[in-house]
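Here's a walk through one protein chain, written for someone who'd rather be at the bench. Have the sequence and the 3D view open as you read.

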Amino acid sequence: MITNRSYKVVVAEDEIPILDNLVSKIKSLSLPFHIVGTATNGKDALDLIKEYHADILFTDIRMPMMDGLELTKEAKDFNPNLKIVIVSGYNEFEYAQQSIRYGVMDYLLKPIKIETLEETSQKIYESLEKSYQDTTCHIITNQLSGKANSKTLPYEFKNQRFYMYLVCLGNLYENCSNILHMDEIHTLWEHLDLHHTLQDALLPNTAWWVIDEKFPNCKVIITSATKSNSGKSLHHTLTSKLEGKIDITFCASISSILFHEIWEMAQKLRFTLRNNLIPCRSKFFLEGQVYAPSTTVQNKTNAFITNIPAMLKKGMQASLVPSLRNLFILYDEEGVPQDYLENKLRDIVSSMCEEAETKECYQKRLCEHIANSKDKQTLYNQICLILEELIEQSSEITMDTRQLYLDIKKYIEVNYHSPITVETIAELYHFSTSYISRIFRKYHGMPPFKYLLSLRMEEAKLLILNNEELNISLISEMVGYTDPHYFSRIFHKATGMSPSEFKKIT
């Protein structure tokens, strides 16, 4: 937002006393309007508008050489964003109607009351401010994505210097497949009310912009450079305002930058955030800071990950759990960043299982839990519980795998007529669905759900052929499907025909 801009005004009126009175009233307004020229005819007024690139025009209707309506049309052709106010002593509807078609802001009757002028001028000022804010925000947003066009830069940006800040509410969503708790994030931004917060926190006459980042819990704040970098005080203001509702990570540029350096600085701040954000902690970082794990953290992490396969093979799952918890106590004490934590969790999960589907499932669960955690104690406790669950499922020596396959096969053959699923089987044998599928496929050449389907379809065929009195609904129920329509679709997919067609053909 800009707080110290002034807007250029041209006033056109052929009667000198009225012109002087209108100029005097405009100057008396407490608005940043600067009268760059006056004219007593429309042609001179148009020349002034073009010469000074005026923002606002106050013009009479009746003037020599070029009247107010023609001036309005010509001026709008030159600058479609020009704000125009028609001033006239003629209370004639057609003038107002025609001026509205040309896009004027207001139509004022002489003699102009100061209150009316002030109301109209305030409306014009707010419109110009919003337009300028939208334009500059669009330009800066393009620069943040590397798409800025230097030819469209406002003149203030040519030599203007800026400070940049990257703000993150809570933890990173970068490796989270599902962005959760969006309503809560939106509510927190509303509570922060950056518009008024920045207005109160920054020095007077400081311009500022707030730009949305890729992830909804992050925003970029850009301010015009003032006497000092207010990053730390601004971080303190934001954290105080949230009153512990969520932690805030704040990354700031070290020194002021020029406009063409915005994209590069944004990349530095994003790198800083990604490499330093500590889950469930409010922290302030300067651009370029990079986390380096201590020797203790590195050694204990590497040793733990290296030992996982051997310990699982020897049936030492119980010994993994306390080692895991001790490692995370160390992580918490040192303040390990989220990026480092997630990388090591990926390595740990990979060391605990070979099944790609299982790895992906657990890595997704861990990342989503980290992204939405608010309390560090809960964060690490839940990570441990998720990994302990994986430890229980990852060791194949807990049961002879061939015997497990035979048990599952027998269970399917005995119960295929019941509404069982792979999830039912997994729950019965206390393994994940992916593990059950992998073991069954290893010995039978197909996953259990396909074997279950084949048994049901073969039995359905026999029932259709040998029992003319049975309807489709009953046959469906007899082979484990409670929904006959679903059974018909499955049967058609398996045989290429509906149950009734199969019955007729055979």
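What follows goes from the whole chain down to two sheet regions and one asparagine.

## Ground rules

This is a predicted model, where local features need pLDDT of at least 70, side-chain atom pairs count only at pLDDT 80 or more, and totals for chains, interfaces and linings use all residues. Residues are numbered from 1 along each chain as its sequence is written, and side-chain values use heavy atoms, with hydrogens and water left out.

## The whole chain

The chain has 21 helices and 11 strands; helices (H or I, at least four residues) and strands (E, at least two) are DSSP runs, numbered from the N terminus. Its C-alpha trace spans about 105 × 70 × 35 Å along the principal axes. The radius of gyration is 36 Å, while a compact globule of 506 residues would sit near 23 Å. That radius is taken over C-alpha atoms, and the globule rule is 2.2 Å times the number of residues to the power 0.38.

As for cover, 46% of the 506 residues count as buried. Buried means under 20% relative accessible area, exposed over 50%, and partly exposed in between (1.4 Å probe, protein chains only). Take the contacts (heavy atoms within 4.5 Å) between residues at least 6 apart in sequence: 69% of them join residues at least 24 apart.

## The five-strand sheet

Here you'll find an open sheet of 5 strands in the order β2-β1-β3-β4-β5, with parallel pairing. Strands pair if DSSP finds at least two bridges between them. β2 (33–39) and β5 (106–109) are the edge strands with a single partner each, so one side of each has no neighbour in the sheet. From one strand to the next, the twist averages 20 degrees. Over at the β5 edge, β4 (residues 83–88) runs parallel to β5 and is joined to it by 4 bridges, with serine 88 partnering leucine 109 of β5. Helix α3 (residues 68–78) packs on the sheet and touches β1 (7–12), β3 (56–60) and β4, its direction making about 160 degrees with that of β3. For such angles, axes are lines fitted to C-alpha atoms, for helices over the stretch in contact, and values run from 0 to 180 degrees between N-to-C directions.

At the other edge, β2 is mostly covered, with 5 of its 7 residues buried. It pairs with β1 in the parallel sense over 6 bridges, and glycine 37 in β2 is the bridge partner of valine 10. Getting from β1 to β2, the chain passes through helix α1 (residues 16–28) in a right-handed β-α-β crossover. Right-handed means that, with the strands pointing away from the viewer, the path from the first strand over the helix to the second runs clockwise.

## An enclosed strand: β8

How many of the 7 residues of β8 (residues 218–224) are buried? It's 7 of the 7, so the strand is largely enclosed by the rest of the structure. Cys218, Val220, Ile222 and Ser224 point one way, and Lys219, Ile221 and Thr223 the other.

β8 has antiparallel company: 7 bridges join it to β6 (residues 161–169), and 5 bridges join it to β7 (residues 208–212). Tyrosine 165 bridges to isoleucine 221, and tryptophan 209 to isoleucine 222. A hairpin of 5 residues links β7 to β8.

## Asparagine 276

Asparagine 276 belongs to helix α9 (residues 262–276) and is buried, at 6% relative accessible area. Leaving out residues up to four places away in sequence, asparagine 276 touches Phe285, Gln289, Val290, Tyr291 and Pro337.
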